[in-house]
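Visitor: I should like to go through this model term by term and hear the grounds for each description. May we begin?

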Amino acid sequence: MTTPPPPITPDDVRDAAARLRGVAHRTPVLRSRTLDALVGAEILLKCENFQRVGAFKFRGAYNAASRLTPAQLARGIAAYSSGNHAQAVALAAREVGTTAVIVMPEDAPPSKREATEAYGAEIVTYDRYAGDRVAIAEALAAERGLTLIPPYEHPHVMAGQGTAALELLEETGELDALVTPVGGGGLIAGSATVAKALYEGIRVVGIEPEAGDDTKRSLETGRRVSIPVPRTIADGQALHTPGELTFSVNRRLVDAIALVTDDEIRAAMRFAFERLKIVVEPSGATPLAALLAGRLGPLPRRVGVIVSGGNIDAERFARLCGGGA
């Protein structure tokens, strides 16, 4: 039986990096002696909270949108997202000269919806606990003749997301481990693809909220597992099953998945604010939460961490991190 080719290759990630050059930000890599001392390793934080739209999602959205034909651009783009991909597609559409319609859950953070509208997108809402966002978006795209750019289940999106890890490794050199958040799996799939190509021995670890452990369960059973839509403060990771394309990559290349609680996420957000002087949204804080809570066990010497985003408004941040969190 012939093994099908992987949906993306390291060259796809490098090609995406060339396409993004001068469009996406080359985000900073931060160090903290305090953090290193607390966890007993050298931690290098790739801060995608400083990316355009405040999250890594712009990388994949622009890589996909920039490849559309003139006819596709004339009709417009559709997408579905809880927030960061929504903003990313809205901005990418504006950058390439087209329009965007985004399917968003009714309970998406208001700041993310407002930012998406500010980039010029039309919003269509649905109930995330009762509706099927993929079916809604596919029907909308078919009805209006739009090109659908999903948040992770797309080779160009996955390759674009992997450019964050490529930049990190270009700056730091060899790392012993790479830790990323896991939602639908596009970020870790793109990251693992390029990281394992550059450094075969690197350990790639994904972090999920405890309530949304669909990827962990799927990797343990060897097939995609569906769970009820999780209720977690990490809204960007509130998914019920991994993507088919992303799982085909991650089952080969991801070494482990660790879980964190919402309280551990809150503590990590507060630590990032008070000690690192950066604002990180719940989903972006999950790798830091895993480090601080000791969820990864004994750490190797040098660990890269992708801080995936910082899109959270002041009121929600205060509500989550105030008091004795």
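Visitor: What makes you say that the charged end of Arg 231 sits over the ring of Tyr 129?

Guide: This is a predicted model. In it, the charged end of Arg 231 is 3.8 Å from the centre of the Tyr 129 ring. The cut-offs are 6 Å from CZ of Arg to the ring centre and 35 degrees from the ring normal. The value of 3.8 Å is within 6 Å, and the contact is classed as a charge over the ring, so the direction criterion is satisfied as well.

Visitor: How many aromatic pairs does the structure hold?

Guide: There are 2 aromatic pairs. One of them is formed by Phe 58 and Tyr 62, with 5.8 Å from centre to centre and 35° between the planes.

Visitor: Why is the pair of Phe 58 and Tyr 62 called tilted?

Guide: Planes under 30 degrees apart would count as stacked and over 60 as edge-to-face; 35° falls in neither range, so the pair is tilted. The centres, at 5.8 Å, lie within the 6.5 Å limit, and therefore the rings count as a pair. Both residues belong to helix α3 (residues 57-65), where they are 4 residues apart, about one turn of the helix.

Visitor: Why are Phe 58 and Tyr 62 called buried?

Guide: The relative accessible area is 0% for Phe 58 and 12% for Tyr 62. Buried means under 20%, so Phe 58 qualifies, and so does Tyr 62.

Visitor: What can be said of Asn 63, which also lies in helix α3?

Guide: Asn 63 has a relative accessible area of 0% and is therefore buried, the cut-off being under 20%. Leaving out residues up to four places away in sequence, Asn 63 touches Ala 16, Arg 19, Leu 20, His 156, Ala 159 and Gly 160.

Visitor: What makes Phe 273 and Phe 317 a tilted pair?

Guide: Their ring centres are 5.2 Å apart and their planes make 55°. Since 55° is neither under 30 nor over 60 degrees, the pair is tilted. This pair links distant parts of the chain: Phe 273 is in helix α12 (residues 262-276) and Phe 317 in helix α14 (residues 314-321), 44 residues apart.

Visitor: How are Phe 273 and Phe 317 classed by accessibility?

Guide: Phe 273, at 44%, is neither under 20% nor over 50%, so Phe 273 is partly exposed. Phe 317, at 13%, is under 20% and therefore buried.

Visitor: Why are β1 and β9 said to stand at the edges?

Guide: The sheet in question is open and has 6 strands in the order β1-β2-β10-β7-β8-β9, with mixed pairing. β1 (29-30) and β9 (256-260) each have a single partner strand, so one side of each is left without a neighbour in the sheet.

Visitor: How do you know that β2 and β10 pair?

Guide: Strand β2 (residues 42-47) and strand β10 (residues 302-307) run parallel and are joined by 6 bridges. Pairing requires at least two bridges, so the condition is met. Glu 42, for example, has Arg 302 as its bridge partner in β10. β7 and β10 also pair in the parallel sense, over 3 bridges, and Leu 178 has Gly 304 as its bridge partner in β10.

Visitor: What makes β10 mostly covered?

Guide: Of its 6 residues, 6 are buried. Arg 302, Gly 304 and Ile 306 are buried on one side, and Val 303, Val 305 and Val 307 on the other, which covers both faces.

Visitor: Which residues have the most contacts inside the largest nonpolar core?

Guide: They are Ile 43, Leu 45, Ile 265, Met 269 and Val 305, in a core of 34 residues. Helix α12 gives the most to this core, with 6 residues. Apart from neighbours within four places in sequence, Ile 43 is in contact with residues including Leu 30, Leu 35, Leu 291, Val 303 and Val 305.

Visitor: How do you know that β3 and β6 pair?

Guide: Strand β3 (residues 77-80) and β6 are parallel and share 2 bridges. At least two are needed, so they pair. Ile 77 stands opposite Thr 147 in β6. Their sheet is open, with 4 strands in the order β5-β4-β3-β6 and parallel pairing.

Terms used:
Residues are numbered from 1 along each chain as its sequence is written. This is a predicted model: local features need pLDDT of at least 70, side-chain atom pairs count only at pLDDT 80 or more; totals for chains, interfaces and linings use all residues. Side-chain values use heavy atoms; hydrogens and water are left out. Rings of Phe, Tyr and Trp (its six-membered ring) pair if their centres lie within 6.5 Å; planes under 30 degrees apart count as stacked, over 60 as edge-to-face and the rest as tilted. Buried means under 20% relative accessible area, exposed over 50%, partly exposed in between (1.4 Å probe, protein chains only). A nonpolar core is a set of buried Ala, Val, Leu, Ile, Met, Phe, Trp, Tyr and Cys residues joined through side-chain atoms within 4.5 Å. Contact means heavy atoms within 4.5 Å.
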